[in-house]
Amino acid sequence: MTGAAQPTASSGPHRPPEPSSARKRPGRPPWRLLGPAMLAAAAGGLVALGQNLLVSSIDAMLPDAGRINSFNRPGTITILSSDGEVVLKKGPATREKLPAGKMPLLIQRAFVAAEDRRFYQHDGIDLFGISRALLRNLQQGTVEEGASTITQQLARTVFLSQDRTIMRKLKEAALAGKIERQLSKAQILEQYLNYVYLGSSAYGVSDAAWIYFSKRPDQLTLPEAAMIAGLPPAPSVYSPLVNPELALKRRSIVLRRMREAGYIDDAQLQRAEAAPLGLKPAEPKYFANPAPWYTSWLEQELPKVLTKEQLEVGGLTIRSGLNAAWQKEAQKTIDSYATGSMEGALVAMEPGTGLVRAMVGGKNWEKTQFNRASQALRSPGSTFKLFVYLTALKKGMKPEDTVLDSARCFGAYCPRNFGNRYMGWVSLATAMQNSLNVVAVGLLQKIGYDPVIATARSLGIHRELGRYLSMAIGANEQTVLDMTAAYAGMINRGVYVQPTPFEEIYGPEGQLLWSRRANGARGTRAVNSDIADAMVWMLQQVVQGGTGGGAALDDRPVAGKTGTSEGGRDLWFIGSIPQLTTGVWLGYDDNHETGTTSVLATYAWRSFMAPITKGMPVKKFPPKPVLTGSFKPLPATGNARQDGSPPHTEPRERRGWSSPPWEPPRAYPPEREPPIERPPIESAPAETPRPTPADVPRPNPVAAPRSREPAVPPPPAQPALPPPVSAPPPP
């Protein structure tokens, strides 16, 4: 029979089994779990803090991503005119940058598909993209896809070099991460598209759209945008202007990637691939230089106002004194009046500020970049007499004081007036008006070399001046710029202001680096205002009834001086209205004789000034002052020895330098200037009788007195300016 097992003696009565060691122990109180949790949280916090500190430390050593907004490549200069308009952008500059929010979506998609398909997914470094690019390039057997993200390319463009080194790649990766943390994806993409180099001097998509298709970015078609997007890996290789067939192949790759990304459909892909390149090339905007002579001088002056470090950084924006309309008129004038192989130069500057408003240094910048306005040293002819007469006024002479004009020698040096015509006793103003060479040389001998040189120095003439009598009539060569600035000092009532092209200069981040008002050269007084005003009055007589008559303007006063070197090799006129001083030079580079006179330069001056003064307020020069000085000539010292000749005895002259009881006739009113095609014809109007000192023989009646410049009256009012004329062959 069967039954339940009975307990045995050994087993004893039945008890529940003992719990094994594997069984759970009774749960701990919750408060006991708080400690480990806090430790874990603290550890995690410390790790995060350490990571943040590491990232912050690295970021602190890296450039601020905000600088991308003001990025300029080294060597870039933007030159603005006086009214703030862009004249020129030099160097590797983005000539037209699109503002935020204006980048067309089509262009954004084309570049993302071509350069960085995972742009919106990665944080600056795309490890998946690197693997994919490596595999694809291995399959194709060529480098078809790059591994750098758009963020990395932007970091490299703005902050780094193009060196292929491990250190540069590490910096690039670190910068890409910082840029992603500081800028949005939209900002990163827009900045990249504004700065990426796309070949043919195109920096940014706006430049590229213009250079390749003569369009704005928002006017580009799908195939055009794809072609531009395919350029970054090798702009010079894929350029359609260089390799059109290769450009088409590259465009097809970009279009297929846009299809893979879902940006276009199959029909769009087929139409775009079948489209021709459709190029319509154009010169980069602000690439053509409308004022090459001016801007070349401006660049030469930059090291005088900025440090080497400021120049190397680049990104400078310069607001210049250039008046673009005047510059155009100045170039037109020189092109018209410097006929044939003759050359010319023109400088126009404001007397009070020193700002040069226009500068032309020749006819053809493409042919030669030699600036005849600032670099060419030419004989100034009788324009140099300014310093002699001005020194005479400083020494106590007055415009009414009389001097003797007669044929004579100073030792072995025998200066001649134009046409060998001499006036006898004339006032200082009349001698200046008719540019009498003998009078100028005689004044220099009586004044002395050093005072005249000191006067020239005070008016910005710093080149070596030889101590010889022919200095009085322009034996020492000068530049048009320096001579114009000296005359401007007279118009500025005796205060010389150094010529400058700069109004303001800004750095790459828009900071003001230099200002003419704060940092510019201060004006220096050369002579007191009364003497300067007297000199200006004498210069007005030159235009009203003397050698500068061809420069007279119908509606306003003009003060100026002609100058013609020996043989008519240099033709000058430097003239002023109260607001502007303009110097004109005409001549041949090889110093060939022009066969004409400075009348040609007066016509050129008037041709420039007449149109630019239309609408300009008419201002008068200060009235002629009453000078009260007393002149004491130097004792005879044998200065003529410095001309290579022995001391000599001059003809006896009037004792002292007092004014006569009446003013001698001014230039015996000169006849009208003959046509420029022929050298001026000399005629002999009768001399007006006048009292003569007893100790000086009365000279015979003479023709209209002239030096090398013929004296002419102001031209009659005409509906049009005198036409440019050809220089005749030497007689």
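**A predicted chain, its surface and its contacts**

Colleague: What share of the accessible surface of the chain belongs to carbon and sulfur atoms?
Modeller: This is a predicted model, and its figures are computed from the atoms. The accessible surface of the chain comes to about 33,700 Å². Of that surface, the part that belongs to carbon and sulfur atoms is 55%.

Colleague: How many helices and strands does the chain have, and what percentage of its residues count as buried?
Modeller: The secondary structure comes to 22 helices and 14 strands. Of the 731 residues in the chain, the share that count as buried is 52%.

Colleague: Among contacts with a separation of 6 or more, what percentage is accounted for by residues 24 or more positions apart?
Modeller: The count here takes in the contacts in the chain whose partners have a separation of 6 or more. Within that set, the residues 24 or more positions apart account for 73%.

Colleague: In helix α12, how many of the ten residues are buried, and which are they?
Modeller: Helix α12 spans residues 292–301 and is mostly covered, with eight of its ten residues buried. By name, the buried residues in α12 are P292, W293, Y294, T295, S296, W297, L298 and E301.

Colleague: Is the ring pair of W293 and W365 stacked or edge-to-face?
Modeller: The count of aromatic pairs in the model comes to nine. For W293 and W365, the ring centres are 5.0 Å apart and the planes stand at 90 degrees. Planes over 60 degrees apart fall in one class by the rule used, and the pair is therefore edge-to-face.

Colleague: Where do W293 and W365 lie, and how many residues apart in sequence are the parts that they tie together?
Modeller: W293 lies in helix α12, whereas W365 belongs to the loop between β5 (356–360) and α15 (385–394). W293 counts as buried at 1% relative accessibility, while W365 is partly exposed, with a relative accessible area of 24%. Because the two rings sit in these separate elements, the pair ties together parts whose distance in sequence is 72 residues.

Colleague: Which strands hold F502 and W514, whose rings also pair?
Modeller: The rings of F502 and W514 have centres 5.9 Å apart and planes at 75 degrees, so this pair is edge-to-face. F502 is buried with a relative accessible area of 1%, and W514 is buried with 7%. The two residues are twelve apart and the pair links distant parts of the chain, with F502 in strand β9 and W514 in strand β10.

Colleague: Which residues of strand β3 point to the face that is buried?
Modeller: The side chains along β3 (residues 316–320) alternate between two faces. T317 and R319 point to one face and are not buried. The residues that point to the other face and are buried are L316, I318 and S320.

Colleague: What is the bridge partner of S320 in β9?
Modeller: Strand β1 (residues 77–80) runs parallel to β3 and is joined to it by four bridges, and the partner of L80 in β3 is R319. Strands β3 and β9 also pair over four bridges, but in the antiparallel sense. In β9, the partner of S320 is F502.

Colleague: Over which rings do the charged ends of K185 and K285 sit?
Modeller: The charged end of K185 is 4.5 Å from the centre of the ring of F119, over which it sits. For K285, the distance from the ring centre is 4.8 Å, and the ring beneath its charged end is that of W210.

Colleague: Is the link of C409 and C414 left-handed or right-handed?
Modeller: The count of disulfides comes to one, and this disulfide joins C409 to C414 with an S to S distance of 1.9 Å. C409 is partly exposed, with a relative accessible area of 35%, and C414 is partly exposed as well, with 38%. The angle about the S-S bond is 105 degrees, and the link is right-handed.

Colleague: Which residues does G442 touch, not counting residues up to four places away in sequence?
Modeller: G442 is found in helix α17 (residues 437–447) and is buried, with a relative accessible area of 7%. G442 and L404 are 38 residues apart in sequence and 8.7 Å apart in space, C-alpha to C-alpha. Leaving out residues up to four places away in sequence, G442 touches R408 and F410.

How values were computed. Residues are numbered from 1 along each chain as its sequence is written. This is a predicted model: local features need pLDDT of at least 70, side-chain atom pairs count only at pLDDT 80 or more; totals for chains, interfaces and linings use all residues. Side-chain values use heavy atoms; hydrogens and water are left out. Buried means under 20% relative accessible area, exposed over 50%, partly exposed in between (1.4 Å probe, protein chains only). Contact means heavy atoms within 4.5 Å. Accessible areas come from the Shrake-Rupley method with a 1.4 Å probe; for residues, only the protein chains shown count as cover. Rings of Phe, Tyr and Trp (its six-membered ring) pair if their centres lie within 6.5 Å; planes under 30 degrees apart count as stacked, over 60 as edge-to-face and the rest as tilted. A charge sits over a ring if NZ of Lys or CZ of Arg is within 6 Å of the ring centre and within 35 degrees of the ring normal. Two strands pair if DSSP finds at least two bridges between them. A disulfide is a pair of cysteine sulfur atoms within 2.5 Å.
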